[in-house]
Structure formats: C-alpha cells, structure tokens
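Subject: Structure for you to look at

Hello,

Here is the structure I promised. Please open it first, then read my notes below.

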Amino acid sequence: MIQFPNAKINLGLQLVEKRPDGFHNLVSCFYPVQWTDALEILPAQGESTFTLSGLPVPGEPKANLCWKAYQLLQKDFGLPPIQMHLHKVIPMGAGLGGGSSDAAFTLKILNELFKLNLSSEQLENYARPLGSDCAFFVQNKPVLAVEKGDVFEPISVDLTGWYILLVYPNLAISTAEAYAGVSPRFPENSLKTLLAQEITAWKDTVVNDFEASLFPKYPLLQEIKKQLYGMGAVYASMSGSGSTMYGLFKTPPVPPLPFPKEYSVWQGVL
C-alpha cells in the first residue's frame, strides 16, 4: 500500500507562554499543502525492513519516526513483519511537518493494511508521543492548534482555489534553535479572530512570532518574504519555526521566479 504524506503550513503562529515541562503553549492554524513524500508499506516474509530514498535523512533508519510509529502499533497489536520504504521529498528542518506527516501516515496505512479498526481519535493518541504536530496529519484538515500544537479546535478557514508558492532556502533551523530566541507573550487579538478577516488584511495582522528572532539572524528569510510580496502575494509568512517561506496568490506566480536554483521551490493550488 502506498500513500503520499503531505506537508502543512502555519497561518499565523502565536507563542503564548512557556510551560512547566519546558515546552511552549502556542496558537496556530495548521493548513495542509500537497507537497508530498511517498510512503509504501507491504507485508513481509522474515524480518521487517525500512529503506529510504530521495533527500538524505540524517540518523539511523530505525531512529526514524516512521519506524517508531510501526513499533508502537507492533507492540500493542503484534503486527507481522513489514517492508517499509520512504521516498523523501519534503525538506527537513523546514517548518513543514514532513517527518510528522510521514509518521502519521505510517499509523494510518498500518491501521488500514492490518484492519486494526482504530478510530481517528485513537490514531491521534498514538501520534502525539511521536511529535507535537504529528496528530494533525491523522485527519489532515485545517485546525486551530493550541497548547503544544497537539490539541485541536475547529476553524473555518478555507483557502480553496488560492495559489501557494513555498520557498525553502536550504537552511535547516532546528526546533531548539528557533525556540531559544523567542519571548512568549499573550496576544492582544486571538488568531481565530484575525484569520476571520479577509485575507487581504492578514499582511498587517497575522504574524508568525518566530520571524521576530529569526529574521535578524537570517536576513535572507526576510528578503524572501519581500520577494514574495514583490511578486504579488496577498499574504506571505514563514511556516512553523522555519525556514520555509510561503506566499498566497490569487493567480499563479509568473516565471521566471527570482530564487537561486539551489533553493527548493514548490507551487500548487490549495
């Protein structure tokens, strides 16, 4: 069985407060985007195997979140051996949730392949220990994410028909580095209220709080944002803790795009 784990973007990201457990409470709208990896899982004879292709993934394969997801279900349900192959396309350290998506899709494929009959809520509970945004990819629909980004509230944000351009400047920013520079604060206006405005108003109101500390450290990110607006984006922002920048457009961006060839660029329709 093969499926295509997709990325997500953050529409706004408010860092509200630091938690006693060392994590941060946040508020953000997670929105799925069809920049995808490819994940295949088949029953196997003998020992289970996990192989990788595409973008190089650091670390041992069996330290990968996909393998850890398999181990969680194997422990509880005595799953038989599998052959699992991940073809990596979504950049890592990019604020797109690619690794979390791969893990969540592993859970969903195994649930279907071996007829475990787990509900979405049960799958989300398996996903949460794997990563803060992992549970989002179980239902894979726009949500308002709160607390650590693993508790979801419904939100009526619909970008259907909008064009999106994502630009990853081959700059991986670790979560630890991103959080080291932030100053959490309670916002004056709720993100849910701000996102209820017309998209044309988002430019001046909907903010990713990581930009304040990461733009001075990596000026190229602010430059990409300026370029996206210069190309006609109605709204542009950093996704997650970076370093992917994205722009929302009413019409497709007109080539040639003003980005170096070593950047990873993806565009599509939401």
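Which residue in β8 does Leu 144 stand opposite? The partner is Glu 153. Bear in mind that this is a predicted model.

**Around β7**

Let me stay with that strand pair. β7 and strand β8 (residues 151-154) pair in the antiparallel sense, over four bridges. The two form a hairpin, with four residues between them. Look at Glu 147 in the turn: its phi is positive, at about 55 degrees.

β7 also pairs with strand β3 (residues 24-36). Three bridges join them, and the two run antiparallel. One pair to find is Ser 28 and Ala 145, which are bridge partners.

Strand β7 covers residues 143-146, and both of its faces are covered. Val 143 and Ala 145 are buried on one side. Leu 144 and Val 146 are buried on the other.

**The annotated active site**

UniProt lists Lys 8 and Asp 133 under "active site", in an unreviewed entry. The two are spread over 126 residues of sequence, yet they cluster in space, with a largest C-alpha distance of 9.7 Å. Both Lys 8 and Asp 133 belong to the lining of the largest pocket.

Take Lys 8 first. Lys 8 lies in strand β2 (residues 6-18). Its relative accessibility is 3%, so Lys 8 counts as buried. The side chain of Lys 8 reaches the backbone oxygen of Gly 95 at 3.2 Å. Leaving aside residues up to four places away in sequence, Lys 8 touches a set of residues that includes Phe 30, Tyr 31, Pro 32 and Val 33. Also among its contacts are Gly 95, Leu 96 and Gly 97, as well as Asp 133.

Now Asp 133. This residue lies in the loop between α3 (120-127) and α4 (136-139). Is Asp 133 buried or exposed? Asp 133 counts as buried, because its relative accessibility is 16% and the cut-off for buried is under 20%. With residues up to four places away in sequence left out, Asp 133 touches Lys 8, Phe 30, Gly 97, Ser 100 and Gly 149. Phe 30 and Gly 97 also appear among the contacts of Lys 8.

**A four-stranded sheet**

Next, move along the chain. Four strands form an open sheet, in the order β10-β11-β9-β12, with antiparallel pairing. β10 (235-238) and β12 (264-269) stand at the edges. Each has a single partner strand, so one side of each is left without a neighbour in the sheet. Neighbouring strands here are turned by 15 degrees against each other on average, direction ignored.

Which helix packs on this sheet? Helix α9 (residues 219-230) does, touching β9, β10 and β11. The direction of α9 makes about 10 degrees with that of β11.

Inside the sheet, strand β9 (residues 163-168) pairs with strand β11 (residues 245-249) over five bridges. The sense is antiparallel. To find this pairing on screen, pick Tyr 163, which stands opposite Phe 249 in β11.

**The domain record**

One more annotation. UniProt places "domain: GHMP kinase C-terminal" at residues 208-252, again in an unreviewed entry. Over residues 208-252 the chain is 42% helix and 20% strand. The end C-alpha atoms of that stretch are 24 Å apart.

Best wishes

Note on methods:
Residues numbered from 1 in each chain as written. Predicted model: local features only at pLDDT ≥ 70, side-chain atom pairs only at ≥ 80, totals over all residues. Heavy atoms only, no water. UniProt positions renumbered as here; feature names shortened; annotations may be inferred. 1 Å grid on protein atoms, 1.4 Å probe; cavity = no way out; pocket = protein on both sides within 12 Å on 5 of 7 lines; lining within 4 Å. Buried < 20%, exposed > 50% of the residue type's maximum accessible area, 1.4 Å probe, protein only. Contact = heavy atoms within 4.5 Å. Polar contact = N/O pair within 3.5 Å; in protein donor to acceptor, adjacent residues only side chain to side chain. Pairing = 2+ DSSP bridges. Axes fitted to C-alpha atoms, helices over the stretch in contact; angles between N-to-C directions.
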